[in-house]
Amino acid sequence: MDRRTLLRSAGSAAVAGSLGALGVTALATPAHAAPPGTINTDQVFETTNRLTHAPNQRGTITIEIRSGYYGGYQYGWGRIQGSGWDPRGWVWLDISTDGGRSWSFADATYLSDGTGYTHTSGWLTQADPNYVFRASYDSNLRAVNPYVRSGVW
C-alpha cells in the first residue's frame, strides 16, 4: 500500500449500542485495545512487510523513512544508512499534521558509530494525507538545515 492504512476504531461498539436503543438486536463484538502510539527501536526490528519511502542521498549517506507492521498496525520511522557520518551525530524523525507546512519533533537516536545504519523509534501512521513523516541527519540535533533530510512520506 502506498498510503498509510486506516486505523481501526471502536465505532462498532457505538453502533451496536445505538441499534440496541432502537430495539434492534445486535451481536456483541469484542472490544479492541487501541494500538500503542509508538514502538521502541528494538520493536522496529520485529516489524514485518518493511518498505522504504522518500530516500535522499548525500555522498555515502542515505536518509529515509521506513515503515512496517507491528501487532497488526503500521508504523513509520527514520533511518540513516551508509558510511562516513559523524559518530557524534543524530538521526531524528519529525511529524506534520498539516501536510508538511509545520513540523513537530517526534524522536531522535544518537549515532554510536559511523558505519552501517541506525533508526529512530516507530510512530503509528494514519490514513490522513496531512499526517506525514520526514527524517533528518546532522551532528547537531534538530539542526535547522540538517546535513541531509529525507523526502516527505
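This tour proceeds from the whole chain to selected strands and then to individual residues.

**Conventions**

The model is predicted, so local features require pLDDT of at least 70 and side-chain atom pairs count only at pLDDT 80 or more, whereas totals for chains, interfaces and linings use all residues. Residues are numbered from 1 along each chain as its sequence is written, and side-chain values use heavy atoms, with hydrogens and water left out.

**The whole chain**

Select the full chain and colour it by secondary structure. It contains two helices and 10 strands, in the sequence order α-β-α-β-β-β-β-β-β-β-β-β. Helices (H or I, at least four residues) and strands (E, at least two) are DSSP runs, numbered from the N terminus. Of the 153 residues, 38% count as buried; buried means under 20% relative accessible area, exposed over 50%, and partly exposed in between (1.4 Å probe, protein chains only).

Next, display the surface. The chain exposes about 8400 Å², of which carbon and sulfur atoms supply 53%; these areas come from the Shrake-Rupley method with a 1.4 Å probe, and for residues only the protein chains shown count as cover. Among contacts with a separation of 6 or more, 60% join residues 24 or more positions apart, a contact being heavy atoms within 4.5 Å.

**Strand β4 and its partners**

Select residues 73-83, which form strand β4. Eight of the 11 residues of β4 are buried, so the strand is largely enclosed by the rest of the structure.

Add residues 61-70, strand β3, which pairs with β4 in the antiparallel sense over 10 bridges. Two strands are taken to pair if DSSP finds at least two bridges between them. Within this pairing, I65 stands opposite G78. The hairpin of β3 and β4 has two residues between the strands, and G71 there takes a positive phi near 60°.

Now add residues 115-119, strand β7, which is antiparallel to β4 over five bridges; Q81 stands opposite Y117 here. Then add residues 122-124, strand β8, joined to β4 by two bridges and also antiparallel. In that pair, G76 stands opposite W123.

Stay with β7 and select T118, which lies in this strand. Is T118 buried or exposed? With a relative accessible area of 19%, T118 is buried. Leaving aside neighbours within four places in sequence, T118 is in contact with G78, R79, I80, W85, V91, T109 and L111.

**The open sheet**

Select β5, β6, β9 and β10 together: these four strands form an open sheet in the order β6-β5-β9-β10, with antiparallel pairing. β6 (104-110) and β10 (148-149) stand at the edges with a single partner strand each, so one side of each is left without a neighbour in the sheet. Strand β5 (residues 90-96) pairs with β6 over six bridges, and L93 stands opposite D107 in β6.

**Residues to inspect singly**

Most residues other than glycine have a negative phi. Select R142, in the loop between β9 (132-138) and β10; R142 has a positive phi of about 60° although it is not a glycine. Then move to A54 in strand β2, where phi is near 50°, again a positive value in a residue other than glycine. At 22% relative accessibility, A54 counts as partly exposed.

Finish at P55, also in strand β2 (residues 48-58). Which residues does P55 touch, not counting those up to four places away in sequence? They are T62, I63 and E64. The C-alpha atom of P55 is separated by 9.2 Å from that of A135, 80 residues apart along the chain.
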